[in-house]
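Open the model in your viewer and keep the selection panel handy. We will go from stop to stop, picking a set of residues each time and looking at what is there.

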Amino acid sequence: MAASKNLVWLFDLDNTLHDASHAIFPAINRNMNALIARVLEFEARPSHPDAVNAVRIAYWQRYGATLLGMMRHHAVRSEDFLRDAHQFENLSSMIRAERGVARVLKRLPGRKILLTNAPASYAHHVLRHLGLHRHFADHLSIESMVVHRQLRPKPSRLLLRKLLAREGLRARRCVLVEDTLENLKSARALGVRTVWFAGFLPVSKGRPAFADIKVTSLSQLPRRLSRLGAC
């Protein structure tokens, strides 16, 4: 187990450490749609619900984050987009998660870093509500994902390279725990070990080659360290 103590865990937040699809993602999508509709209407472009949904999904699929598409094609400021997208009447009441996640993190040997495409204020709120903040040595939220003066959120390989260089990390000593396959694929291409978390959404059977292991509960991680070559 000595080698496993040198691991650095890179944890995604939404739909990994908690179930964002239950209530939070639907609210964010509604907020984003309202913002996109305002922008499209200002540009005298179709702004009906189908057009707005198409824009949001297309930018997410193309860039990995709807925000990037709105910045590049509509001159929307990132701080305005993130503020409007993450407005909630009562965020704490919307958070759901597995039981015992704090105990799981405590059992995992090595340092933990939060790596999320969510804004810092939202991420801090969720972590503190869940009592997980004390388990993370560092947080990298979307505002900090800047490479060469450009925003580069996951699945950017440039972002991951910068993170590894900044922390003085070897890729093989890092493990990304994440629900989004494109993010896992990007990390695996750099040599980062990968855990596909598939606990909150229906997913197809099997496991892609770029995911070292697949788990449906974070509680499975401690006993599957050997599958990561970490022992």
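Start by selecting L115, K154, P155, S156, L160, L176, N183 and S186, the residues that line the largest cavity. Keep in mind as you look that this is a predicted model. The space inside that cavity comes to about 30 Å³, and the count of cavities of 30 Å³ or more is 1. Colour the lining by class and you will find 4 nonpolar, 3 polar and 1 charged residues.

**Next stop: the largest pocket**

How much volume does the largest pocket have? About 1200 Å³. To find its centre, select F25, W60, G64, N117 and T180, which are the closest to it among the 48 lining residues. By class, the lining of this pocket divides into 25 nonpolar, 13 polar and 10 charged residues.

Now switch to a cartoon view and colour by element. Six elements to highlight are α1 (24-42), α2 (49-63), α3 (66-74), α4, α9 (181-189) and β7 (193-197), since each of them supplies at least two residues of the pocket lining. Which element gives the largest share of the lining? That is α2, with 6 residues.

**Next stop: α2 against α3**

Stay with α2 and add α3 to the selection. Their axes cross at roughly 100° and come within 7 Å. An angle from 65 to 115 degrees counts as roughly perpendicular, so α2 is roughly perpendicular to α3. To see the contact, show side chains for V55, R56, Y59, W60, R62 and Y63 on the α2 side, and T66, L68, G69, M70, R72, H73 and H74 on the α3 side. This contact has 6 nonpolar, 4 polar and 3 charged residues. You have met W60 already: this α2 residue is also one of the residues closest to the centre of the largest pocket.

**Next stop: α1 against α3**

Keep α3 and swap α2 for α1. Here the axes lie 12 Å apart, at an angle of about 10°. Angles under 35 degrees count as roughly parallel, and therefore α1 is roughly parallel to α3. Select M32, L35, I36, V39 and L40 in α1, together with T66, M70 and H74 in α3, to bring up the residues that make the contact. The classes here are 6 nonpolar and 2 polar, with no charged residues. T66, M70 and H74 take part in this contact and also in the contact with α2.

**Next stop: α1 against α4**

Hold on to α1 and bring in α4. The two axes cross at roughly 135° and come within 8 Å, which makes α1 oblique to α4. From α1, pick I28, N31, M32, L35 and R38; from α4, pick D80, F81, D84 and A85, which they meet. Coloured by class, this contact shows 5 nonpolar, 1 polar and 3 charged residues. M32 and L35 face α4 in this contact and also belong to the contact with α3.

**Last stop: D80**

Zoom in on D80, which sits in helix α4 (residues 78-85). Which side chains make polar contacts with the side chain of D80? One is R77, at 2.9 Å, and another is R83, at 3.1 Å. Label both distances, and then add α1 again to see D80 as part of the contact between α1 and α4.

Note on methods. Residues numbered from 1 in each chain as written. Predicted model: local features only at pLDDT ≥ 70, side-chain atom pairs only at ≥ 80, totals over all residues. Heavy atoms only, no water. Helix = DSSP H or I, 4+ residues; strand = E, 2+ residues; numbered from the N terminus. Polar contact = N/O pair within 3.5 Å; in protein donor to acceptor, adjacent residues only side chain to side chain. 1 Å grid on protein atoms, 1.4 Å probe; cavity = no way out; pocket = protein on both sides within 12 Å on 5 of 7 lines; lining within 4 Å. Points joined across faces, edges and corners; volume = space filled by probe spheres on them. Nonpolar A, V, L, I, M, F, W, Y, C, P; charged D, E, K, R; others polar. Axes fitted to C-alpha atoms, helices over the stretch in contact; angles between N-to-C directions. Parallel < 35°, antiparallel > 145°, perpendicular 65-115°, else oblique. Contact = heavy atoms within 4.5 Å.
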